[in-house]
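Reader: I would like a close look at one part of this model, namely a sheet and the helices that pack on it, with the cut-offs behind each term stated. Please take it slowly and keep the description connected.

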Amino acid sequence: MRANYLFTSESVAEGHPDKVCDRISDEIVDLVYREAAKTGVNPWGVRIACETLATTNRVVIAGEVRLPPSLMKKGKDGKDVINPSKFKAAARRAIKDIGYEQEGFHWKKAKIDVLLHSQSADIAQGVDNAADQQGDEGAGDQGIMFGYACKETPDLMPAPIYYSHKILQLLAAARKKGDGDVAKLGPDAKSQVTVRYIDGKPAEVTSIVLSTQHLDESWDSKKVRDVVEPYIREALGDLPIAKDCNWYINPTGKFVIGGPDGDAGLTGRKIIVDTYGGAAPHGGGAFSGKDTTKVDRSAAYAARYLAKNVVAAGLADRCTIQLSYAIGVAQPLSIYVDLHGTGKGVTEDQVEAAIRKNMDLSPTGIRRHLDLNKPIYAKTSAYGHFGRKAGRDGSFSWERTDLVKALKEAVKLREAA
């Protein structure tokens, strides 16, 4: 591994067109879990894969679902069909919360189409029949998922993506609070941070890029920098800004037309922003809009949970974990650990064995261990699914470090054997 280098990661705000779509899709997931709980439907039976498209004053919600009765209605032929009203209401609430009240994209005026339909029977049998035969749900699809953790930040995340997220989070909070010029910023924004590493550790920021929508058409790049620079410096905290740092604040000048009115958005197009900013491999599957039988989501959460606990346990300074699955098969086909030469007296084989001993990595086991059958996903849709604080409502449970003791003990037992 190189000791001295530059590395860059980007983030996008909750008002970015793709993030608007991720938010709506995850609001739909939460809606289905919430309605299931209200009506006494077993949350283990929830199935949803929801995709959203957004453009100028138009939102299209499509996908496959298995819904509780409260989200259905009688069609003209007397058969149960999906009732679109609650889905539309959830989308409007999300758009309003993000802050879109523009002529070209307004939470109240946008036309919303709900094109959800029942889950494919072929996919359903791959999950449900496996539960009948094996006692555990089968994976909702094939695929590979990665988890990663490192000692660069307090939340054990890579520094460039950590700080890129933090800049946008601070600006969004200030914008919504509504004080002074910062309240004239729009919801759409992108950030990018380049970090210089010396001896493998983050040493200073060498480039900062921020493009943010502003509602005052008279503003230029200099005015925007005057408004946002204090928040950028606050977000970077103790990480020094190089004396010759390059600042690119709204480098194209005016940025008034933003969000889906400026660029169409789609669910699942920001998978590197959602994970590790390119500092770790990615299996290719998006998270938002999916229930947790879909291992794209649940197994990626499990892999992060395990990698974070390995690093938090002091077994390594960096850890990458890969899991692989086949549709309809409960247990992972493979578990791979890479400690990147930073292991503290342990080998990858020992860590793999400790993982297998301490966590059931079937979809059922993951959902049970991390308590995932809850309406906790809308808040994951912006500023990353990882490096967040576990909430009392069960959100971000994969960020807990409650497996540290068990992993240490398992490694010791294997060494003794």
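Author: **The sheet E7-E12-E13**

Three strands form an open sheet in the order E7-E12-E13, and their pairing is antiparallel; strands here are DSSP runs of E of at least two residues and helices are runs of H or I of at least four residues, both numbered from the N terminus, while two strands pair if DSSP finds at least two bridges between them. Strand E7 (143–150) and strand E13 (334–338) stand at the edges with a single partner strand each, so one side of each has no neighbour in the sheet. From one strand to the next the twist averages 15°, where axes are lines fitted to C-alpha atoms, for helices over the stretch in contact, and angles between N-to-C directions run from 0 to 180 degrees.

This is a predicted model, in which local features need pLDDT of at least 70 and side-chain atom pairs count only at pLDDT 80 or more, whereas totals for chains, interfaces and linings use all residues. Residues are numbered from 1 along each chain as its sequence is written, and side-chain values use heavy atoms, with hydrogens and water left out.

Within the sheet, E7 and strand E12 (residues 318–325) are joined in the antiparallel sense over eight bridges, and Ile-144 stands opposite Ser-324 in E12. Helix H7 (residues 295–312) packs on the sheet, touching E7 and E12, and its direction makes about 30° with that of E7; contact means heavy atoms within 4.5 Å. Helix H8 (residues 348–358), for its part, lies across E12 and E13 and runs at about 135° to E13.

The core should be considered next. The largest nonpolar core has 115 residues, and those with the most contacts inside it are Ile-61, Phe-87, Leu-361 and Trp-398; such a core is a set of buried Ala, Val, Leu, Ile, Met, Phe, Trp, Tyr and Cys residues joined through side-chain atoms within 4.5 Å, buried meaning under 20% relative accessible area with a 1.4 Å probe and protein chains only. The largest share of this core, 11 residues, comes from H7, the helix that touches E7 and E12.

A record adds an annotation: UniProt, in an unreviewed entry, lists residues 257–400 as "domain: S-adenosylmethionine synthetase C-terminal", in the numbering used here, with the feature name shortened and the annotation possibly inferred rather than shown by experiment. Over residues 257–400 the chain is 28% helix and 10% strand, and the end C-alpha atoms are 40 Å apart.

How values were computed
Buried < 20%, exposed > 50% of the residue type's maximum accessible area, 1.4 Å probe, protein only.
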